[in-house]
Structure formats: structure tokens, C-alpha cells
Amino acid sequence: MSQEIPYKIYLSEDEIPTQWYNLRADMKKKPAPLINPATLKPLTAEELSVVFCKELVDQELDENTAFVDIPEEIRNFYKMYRPSPVVRAYCLEKYLDTPAEIYYKFEGNNTSGSHKLNSAIAQAYYAKKQGLKGVTTETGAGQWGTALSMASAYLGLDCKVYMVKCSYEQKPFRREVMRTYGATVTPSPSNTTEIGRKILAEFPGTTGSLGCAISEAVEVATSTEGYRYVLGSVLNQVLLHQSVIGLEAKKALDKYGIKPDMIIGCAGGGSNLGGLIAPFMREKLRGENDYRIIAVEPASCPSFTRGKYAYDFCDTGKICPLAKMYTLGSGFIPSASHAGGLRFHGMCPTLSELYDQGMMEAVAVEQTSVFEAATMFARVEGLLPAPESSHAIRVAIDEALKCKQTGEKKKILFGLTGTGYFDLVAYQKYNDGEMGDYIPTDEDIQKGWASMPKVDL
């Protein structure tokens, strides 16, 4: 192996991006618009402003502006933990005995433990700028809730978090970090909202889902004066903020003349994947370069690989707008897997459209194989990865092993979205041989689809 490429490729503080990149601007066929479930017409800025901050509404609806200036206050906050490194996984390459070069973009170098802080500070900033009292949100594994609680504390905003019940119970320490930063954390579904009580009545004993938690957070935001709802994934505004990941990664790799052959990211709602691939997909859309882009999702919640591309509710309570996306149906309640951040029934509309156009691939992997890869990575690379990130690690390892068979010296880039130090219950289950795999049956998925609205647009 050539040692000319360092283990960690760092950018300087002055090289932190000053603009976010809007992936939709270079898409010839744009994603279908969000629509009002009552009128079946595209949502207006006025309608969205009831739920989201005005500036975020503008970002959500903007399909033409390629680059958006990052406010100085946000860039100053970024400097506390950005730029984050691109790491050459020399030890993993050696262990696998592969000719492939493996790189990963590490986003776990902040207290939230993940990439989520990139968008949390932006959304909290715009809420503060609008003069709001506070924000509400959902969280799966807790990374997004932790990030938003940090950003809210920094800016003096109240933060109400609805945490998927199984994660609330599996990850108590993540919950306590949120509380330490001043957030109120409620297990979802709960008895504190009308939607929560309805879901509990329909699904007694449910472990919850991101769709349930979204419904509760939106209900509280729209019924409490001075509050707005913020979302950690799925929406265009979030992909915009997360583009700093890919912009930094590409700039770092360009310094050494490295062009990845494939880019791999875990996919739940799409924030990490969309952010990582943004500048690479831009070149692909513009015909300037080609890359193999792979989304990795859990086999227990396979919205890309087994979902329908159709309009559906983003939440279980059916109070949110309709989005055209790959979906298992808003009524689909995923199994209580340990990758809580990937337990969403649908997928980002922007990525869904790109997938439908054949611009990217998707693969679903089982939980035990994911933790096998996570354990291997931890032992040779010295970092304990989050369960979500480990989905990308699994496929990166698989692709590197294919290179071992063929002798191809491909360059692989994957997103290491965060650390797994609050996920030790999951690692304990794996180490004790108590972890299993759940793959929904066709009947399970049909039940989820039965909940979808009848929309033909």
C-alpha cells in the first residue's frame, strides 16, 4: 500500500464549505411536490409555514438554486467540530487482504455522535431568527434528538423530543444526554397527544416507529403557540444542510487525486446518504463523471428494495403532507431492530426519484450480518460504529471482498455517520448470541400498503 495518502485527510478550518448544495437544482426530472391530503394539490408556502419555519419552507420548495449561502453564525458553530476527516481504512484493507482502497467520511466527532448536528443547528438557527420559543421533533435511535437538543440549548430554544419507544428503552443514556441539554423527551407513541392515544388504541403494546413519533411532534408543534416542527431527515431542506458532508469529502479526496468508484451510505430517511453523495451525484447528473452509488437499508424495513413508488403519508397518524416516495405504507410498523435511525417506512422524495431514474442502487442487509461487520470494523479500525453506519460498512466490506476475487483495485467511499457508544445494548445482544433477524413477509408489507391513500397523480 502506498503511504502517500495519509490515514486521515483533513481540510483546514478555512475550507469548511461556505455554501450548501441543492441536489434538485441539477435534476432534469424533479421530484414530485408535497401535496395537501385534503385538496390533493401541491402545498403552498403559506400552508407549510404552519408547520415549518419560513426560511426552511423556502429551502424546501426551492428546486432551482444550486448553491445556498451558509449564514456566518452557522459556519461559526460548524467550526466546533468541522471539518470532519476522510479516513483511509488501511487496517481494514489489510485484514480483508483486498486490493481495493477503502475510505470513510467520519461524522461522529461531536457530542451528538453523528452527522445530524449539521442540520440541527441550521434548523434551530432559523427558528431562533424567526423569534420562536421552541421546536418539536421525533428521533429514532436518538442521534437527531441529541443533535437538536444541543443546537437548541446553544441558541436558547425549548426542545420537545418524541423518541421511538423501543429506542427510548434500549438507549437510556442517549435519552439522558438530551435531557442534560434541556430537552423534554417522551417515548412515542404516548398518551400526551391525541394521535398517540389513537395509535396506542389501534396497536396496543407497539414499540413505535418514526412515523408515530413524527405524528406526535407535528401535533404538538401545530397546537402550541410559538413552536414549529423540525425534521432530521427525508425533506429537501435536510439534504441541503447535510451536503456539507459530501462537499468536504470530495474536496479532501480531490487533494490527492482520488476519485471513488463507488459511494455507499446507510439509508433510513435519506439525510446521510443524500448529504454524502451530493457533489458526486451532481457530476453524474451533469454527465461530468460517473459513480456507482449504493443505498443500504435494513432488511427489516426495506422501503427502497421492496417498497412502492407512490404518494403516501410521512407519518403514521396521517396528519402530515403526502410525499411521493418509495414506501412500505405509513401503517407499516417496523420490527424493533437496533438501527433505530433506519426504521422509517418511506424514503426521501429526492432520493426516491433518483433511484427510480436508475441513478443509484439499493441493497437490504440483515441485522446479524450488519453487527458482524461492525464488530470486525471495531476490532481493526479502532472505532465502535453506530448500528446505522454499520449497514454501509457491511456493503463496503462485501464490495472489497469482491475486489479480492477479481483483483480490481476499486476505490470505495462510505459514510461513517456516527459512533455506537450509546448502542451497547445492541452489541451485548450480538455478543451474547441473542440477536435475531426479522424480514417482513409479503403479507406484512401488504398490510402497510393497505393504509396508503388512493392518489393517482
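How many nonpolar, polar and charged residues make up the lining of the largest pocket? Keep that for the last stop.

This is a predicted model, where local features need pLDDT of at least 70, side-chain atom pairs count only at pLDDT 80 or more, and totals for chains, interfaces and linings use all residues. Residues are numbered from 1 along each chain as its sequence is written, and side-chain values use heavy atoms, without hydrogens and water.

**Stop 1: H11.** Select residues 236-255, helix H11. Helices here are DSSP runs of H or I, at least four residues, numbered from the N terminus. Colour by burial: 17 of the 20 residues of H11 are buried (under 20% relative accessible area, 1.4 Å probe, protein chains only), so the helix is largely enclosed by the rest of the structure. Now select Gly-257, which follows H11 and has a positive phi, near 65 degrees.

**Stop 2: Lys-171.** Go to the loop between helix H7 (165-170) and helix H8 (172-180), where Lys-171 sits. Lys-171 is buried, at a relative accessible area of 2%. Show Asp-423 too: its side chain makes a polar contact of 2.7 Å with that of Lys-171. Such a contact is a pair of N or O atoms within 3.5 Å; within protein, one must be able to donate a hydrogen and the other to accept it, and residues adjacent in sequence count only if both atoms are side-chain atoms.

**Stop 3: the pocket lining.** Back to the opening question: the lining of the largest pocket has 18 nonpolar, one polar and one charged residues. Nonpolar covers Ala, Val, Leu, Ile, Met, Phe, Trp, Tyr, Cys and Pro; charged covers Asp, Glu, Lys and Arg; the others, Gly among them, are polar.

Conventions
Helices (H or I, at least four residues) and strands (E, at least two) are DSSP runs, numbered from the N terminus. The expected span of a helix is 1.5 Å times one less than its number of residues. Buried means under 20% relative accessible area, exposed over 50%, partly exposed in between (1.4 Å probe, protein chains only).
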